[in-house]
Amino acid sequence: MASGGFVQAAVLLLAVQLICLGAADADPDTGTVIPAESRPCVDCHAFEFMQRALQDLKKTAFNLDARTEMLVLRAERRALCDCMLGGSLR
């Protein structure tokens with residue numbers, strides 16, 4: 001029984017050595033690794049996208065507000081002109 005545990009330990013040790021040797025023999029320059037500091041994260045891209053979308057929405061809202069104000073002023077001027085024309089004809 002003691003020899004069975006010894007054989008298992010030896011096989012395990014041999015497997016660990018093979019894994020370590022395989023990792024040591026691997027070419028470290030097989031791929032290009034970009035440091036994490038120099039690549040933007042997905043959250044950063046999402047934040048930038050949402051920030052641009054918010055700026056577009058603000059611009060659209062401002063344009064709609066300006067257009068609405070212009071239309072209201074035009075309607076008020078028309079009503080005033082109609083009132084003045086109607087009052088002078090009587």
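1. Let's start with Arg74, which sits in helix 2, the stretch covering residues 42-89. Keep in mind as you look around that this is a predicted model.

2. How exposed is Arg74? Its relative accessibility is 34%, so it counts as partly exposed. That value matters for the next point, because patches are made of residues with over 30% relative accessible area and no salt bridge.

3. Arg74 has company: together with Arg67, Arg77 and Arg78, it forms a positive surface patch. If you're colouring the model by charge, those are the four names to pick out.

4. Now over to helix 1, which runs through residues 2-25 and holds Val7. Val7 is partly exposed as well, because its relative accessible area is 48%, and buried would mean under 20%.

5. Which residues make the nonpolar surface patch with Val7? They are Phe6 and Val11, and the patch comes to about 320 Å².

6. Stepping back to the whole chain, the secondary structure is quick to list: 2 helices and 0 strands.

7. What share of the chain's 90 residues is buried? The figure is 0%. The chain exposes about 8,600 Å², and 67% of that area is supplied by carbon and sulfur atoms.

How values were computed: Residues are numbered from 1 along each chain as its sequence is written. This is a predicted model: local features need pLDDT of at least 70, side-chain atom pairs count only at pLDDT 80 or more; totals for chains, interfaces and linings use all residues. Side-chain values use heavy atoms; hydrogens and water are left out. Patches are made of residues with over 30% relative accessible area and no salt bridge: like charges are joined within 9 Å, nonpolar side chains (Val, Leu, Ile, Met, Phe, Trp, Tyr) within 5 Å. Accessible areas come from the Shrake-Rupley method with a 1.4 Å probe; for residues, only the protein chains shown count as cover. A salt bridge is a side-chain nitrogen of Lys or Arg within 4 Å of a carboxyl oxygen of Asp or Glu. Helices (H or I, at least four residues) and strands (E, at least two) are DSSP runs, numbered from the N terminus. Buried means under 20% relative accessible area, exposed over 50%, partly exposed in between (1.4 Å probe, protein chains only). Lys and Arg count as positive and Asp and Glu as negative; His and the chain ends are not counted. The place of a charge is taken as NZ of Lys, CZ of Arg, CG of Asp or CD of Glu.
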